[in-house]
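Reader: I've got this model up on my screen and I'd like a close look at one part of it. Could you take me through the backbone oddities and helices, and then whatever they lead on to?

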Amino acid sequence: MLARSLVLTFHGLNEPIVPMEEGAERYFVSQSCFERMISSLDELESRSGCLISVTFDDGNLSDYDIGVPRLLDAGRTGQFFVLAGRIGQKGFLSGAQMREMIACGMTIGSHGYDHVDWRKLDGAGRQREYFDARRRIEDVIGIEVNRVAIPFGAFDRRVLHGLKAAGYERVYTSTAGLCLESSWFQPRWSVRRGFSPDRDLPRRLGPVSIAKGTAYALLRRVRYRI
């Protein structure tokens with residue numbers, strides 16, 4: 001089996017509504033750029049033989065205001081990984097908005113509680129980030145949460161094994177490259193300001209990228225024992 005799945009990660013569209021962590025604004029891209037990207041996916045998939053999916057991290061309000069409508073216009077769905085501690089805060093998704101997104105075919109996953117580095121957690125921190133966050137999100141949306149995106153893409157073997165033990169069915173990171181569609185560990189490419197769909201997407205879908213993604217998937221299984 002070859003790695004033929006490209007998972008894109010967006011963090012926000014247009015400009016942040018509220019002050020962000022230092023450097024976070026570079027992960028906000030324009031609405032026009034996002035729209036050009038969405039409109040190009042069908043042709044790129046047909047030409048490359050790869051599957052391209054769209055995810056969002058952090059639960060910013062632009063997910064609902066811009067991301068979901070544009071996805072629906074294109075006949076696509078997305079996965080949205082929210083921070084439990086920011087639900088309902090200014091600039092972030094509310095429970096009602098997330099339930100509406102689910103009704104439209106979108107998926108809600110966990111991005112943890114407080115947007116912290118999971119490699120540095122003690123036992124209480126792992127309980128809060130892996131379990132309490134999931135329970136909080138489930139209470140709000142009314143359905144099970146079984147997918148998780150690791151903040152900052154920062155992980156080690158202990159983090160991965162902890163998430164596996166917590167029962168998550170799929171884990172998303174910020175590790176670049178293509179992935180196996182059915183893999184538990186899902187690398188993603190984080191889109192940044194300055195992104196050009198015409199320039200940046202095709203070169204990530206060629207034979208070299210497929211070969212590298214396939215090799216790295218096998219190496220990760222050995223290195224992290226996942």
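Author: Let's start with Arg225, which sits in the segment after α7 (207-224). This is a predicted model, and in it the phi of Arg225 comes out positive, near 55°, though the residue isn't a glycine. Most residues other than glycine have a negative phi. Arg225 counts as exposed because its relative accessibility is 62%, and the cut-off for exposed is over 50%.

Asn14 makes a good partner for that one. It is not a glycine either, and its phi is positive, at about 65°. You'll find Asn14 in the loop between β2 and β3 (28-29). With a relative accessible area of 31%, Asn14 is partly exposed.

Positive phi values also turn up at glycines that follow helices. Gly49 comes after α1, with a phi near 75°, and Gly75 comes just after α2, with a phi of about 70°.

Now for the helices themselves. Helix α1 covers residues 31-48, and at 1.5 Å a residue its 18 residues should span 26 Å; the end C-alpha atoms are 25 Å apart, so the two figures agree. There is still a bend in α1, of about 40°, at Leu41. Leu41 is also one of the buried residues of this helix, along with Cys33, Phe34, Met37, Ile38, Ser40, Leu44, Glu45 and Ser48. What do the buried residues of α1 pack against? Their partners are the strands β1 (5-10), β2 (12-13) and β4 (51-58), plus the helices α2 (62-73) and α6 (197-200).

Helix α2 gets the same treatment. Its twelve residues should span 16 Å at 1.5 Å each, and the end C-alpha atoms are 16 Å apart, so that agrees too. In α2 the buried set is Ser62, Asp63, Ile66, Gly67, Val68 and Leu71. Those residues pack against β2, α1 and β4, and also against β5 (79-82) and α3 (95-103).

β4 brings us to the largest pocket, which holds about 420 Å³ of space. Of the 26 residues lining that pocket, His11, Tyr27, Asp58, His115 and Phe152 are the closest to its centre. β4 and β10 (189-190) are the elements that give two or more residues to the lining. Sorted by class, the lining has ten nonpolar, eight polar and eight charged residues.

Terms used:
Residues numbered from 1 in each chain as written. Predicted model: local features only at pLDDT ≥ 70, side-chain atom pairs only at ≥ 80, totals over all residues. Heavy atoms only, no water. Helix = DSSP H or I, 4+ residues; strand = E, 2+ residues; numbered from the N terminus. Expected span 1.5 Å × (residues − 1). Bend = angle between axes of the 7 residues up to and from the residue. Buried < 20%, exposed > 50% of the residue type's maximum accessible area, 1.4 Å probe, protein only. Contact = heavy atoms within 4.5 Å. 1 Å grid on protein atoms, 1.4 Å probe; cavity = no way out; pocket = protein on both sides within 12 Å on 5 of 7 lines; lining within 4 Å. Points joined across faces, edges and corners; volume = space filled by probe spheres on them. Nonpolar A, V, L, I, M, F, W, Y, C, P; charged D, E, K, R; others polar.
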